[in-house]
Amino acid sequence: MRSLLGCIVLVTALVSDHVHGQEITNHTIDVEKVAKLVLPNNHDTRVIGGQVTTNWKLGGYLMALVYAGDFVCGGTLIHDLIVLTAAHCFLGRMKVSDWTVVAGISKLDQKGVRRKVKDFILSEKFKEEDMNMDVAVMLLKSSLRVKGIGKLSLCSVNLNPGLELTVSGWGMTVARGSGPQTLLRTVTVPIIHKSNCRAAYQPMAKITDSMICASVLGKKDACTYDSGGPLVYKKQVCGIVSFGIGCASKRYPGVYTDVMYVKPFILKSIKVLLKR
């Protein structure tokens, strides 16, 4: 979900298409034909099917992650010094000193409250080839305990099919766009049964145990540059924007990292980082 999803493997051998961010090419595939199947029309807006909002209305927990001066991903503040995001955001971006976390902004051109990153940990099980365990934890150099900036707790609810959650970000407003949007948008999407999601993605990608799926097919979804941002239920971060084929596709749901599943990694990483 960014020019960033620079990864989405999964499709890695499938199409030259935005898999929430990266362009993947396979010359044995009829790219134009596939694109017609998975990409929404140019008038479909992004966070698709959603509306403009402000970080303040959301609760102030959404972070903008910037690398070498460029916006790359969204993130979630879960502790005054800790930000949760997706591991794929770090592909080709492993220099700690080039990362900056921007808090308290609703428009990407705002200055906000900025913090440099001291360290980060990616799941050792994350693989670009299949996007399994797409989770990362960042340690800030100084606290974000600032008025107007909030935090989310880690998910503690079962995400049953049909349960509605909210995803927000600066994702593109058209699937074939070229960059993030200035305005922040949000949309509510229901959880899709994992068996249905797995069936939809076969044989293009494997939906692993670390993943959950959510969207209103053809209408509501996250998109490129929403990557790393939170899927939220009652002040809890329950998913992390990971990947998808197209945006608001009529066939392929949006795929998120399941926070309940990766929680042991997150808690262990927080403990390690806070000692540094």
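Two strands count as paired when DSSP finds at least two bridges between them, and with that criterion in mind the tour of this predicted model can open on a strand that has partners.

Select strand 16, residues 254-258, where five of its five residues are buried, so that the strand is mostly covered. Colour strand 15, residues 236-243, next: four bridges join strand 15 to strand 16, and the two run antiparallel. Within this pairing, Ile-240 is the residue that stands opposite Thr-257 of strand 16. Now add strand 13, residues 211-214, which is likewise antiparallel to strand 16 and is joined to it by four bridges. Here it is Met-211 that stands opposite Thr-257 in strand 16, so Thr-257 is a useful residue to centre on while both partners are displayed.

From strand 16, trace the chain back into the loop between strand 15 and strand 16, where Ala-248 is placed. The phi angle of Ala-248 is near 55 degrees, a positive value in a residue that is not glycine. Is Ala-248 buried or exposed? Its relative accessible area is 5%, and because buried means under 20%, Ala-248 counts as buried.

Move next to the loop between strand 14, residues 230-233, and strand 15, which holds Lys-234. Lys-234 also has a positive phi without being glycine, in this case near 45 degrees. With a relative accessible area of 63%, Lys-234 is exposed, because the cut-off for that class is over 50%.

For a peptide bond to inspect, go to the loop between helix 3, residues 194-201, and strand 13, where Pro-203 lies. The bond that joins Gln-202 and Pro-203 is cis, with omega at about -5 degrees.

Another loop worth selecting is the one between strand 6, residues 82-85, and strand 7, residues 99-103, in which Arg-93 is found. Arg-93 has 15% relative accessibility and therefore counts as buried. Show Tyr-67 together with Arg-93: the two are 26 residues apart along the chain, while their C-alpha atoms are separated by 7.3 Å.

Turn now to the interior and select Leu-84 and Ile-266, which touch the most other members of the largest nonpolar core, a set of 65 residues. Which residues does Ile-266 touch, if those up to four places away in sequence are not counted? They are Ile-78, Leu-84, Val-135, Val-137, Leu-154 and Val-259, and displaying their side chains around Ile-266 brings out this part of the core. Apart from this core lies another, of 15 residues, among them Met-131, Ile-192, Met-204 and Val-255.

The last stop is the largest pocket, which holds about 200 Å³ of space. To display its lining, select Ile-121, Leu-122, Ser-123, Glu-124, Lys-125, Met-133, Phe-265, Lys-268, Ser-269 and Val-272. The elements that give two or more residues to this lining are strand 8, residues 113-122, and helix 4, residues 259-273. Helix 4 gives the most, with four residues. Coloured by residue class, the lining divides into five nonpolar, two polar and three charged residues.

Key. Residues are numbered from 1 along each chain as its sequence is written. This is a predicted model: local features need pLDDT of at least 70, side-chain atom pairs count only at pLDDT 80 or more; totals for chains, interfaces and linings use all residues. Side-chain values use heavy atoms; hydrogens and water are left out. A nonpolar core is a set of buried Ala, Val, Leu, Ile, Met, Phe, Trp, Tyr and Cys residues joined through side-chain atoms within 4.5 Å. Buried means under 20% relative accessible area, exposed over 50%, partly exposed in between (1.4 Å probe, protein chains only). Contact means heavy atoms within 4.5 Å. On a 1 Å grid over the protein atoms alone, a cavity is a set of points where a 1.4 Å probe fits but cannot get out, and a pocket is an open set with protein on both sides within 12 Å along at least five of seven lines; lining residues have an atom within 4 Å of a point. Grid points are joined across faces, edges and corners, and a volume is the space filled by probe spheres set on the points. Ala, Val, Leu, Ile, Met, Phe, Trp, Tyr, Cys and Pro count as nonpolar, Asp, Glu, Lys and Arg as charged, and the others, Gly among them, as polar.
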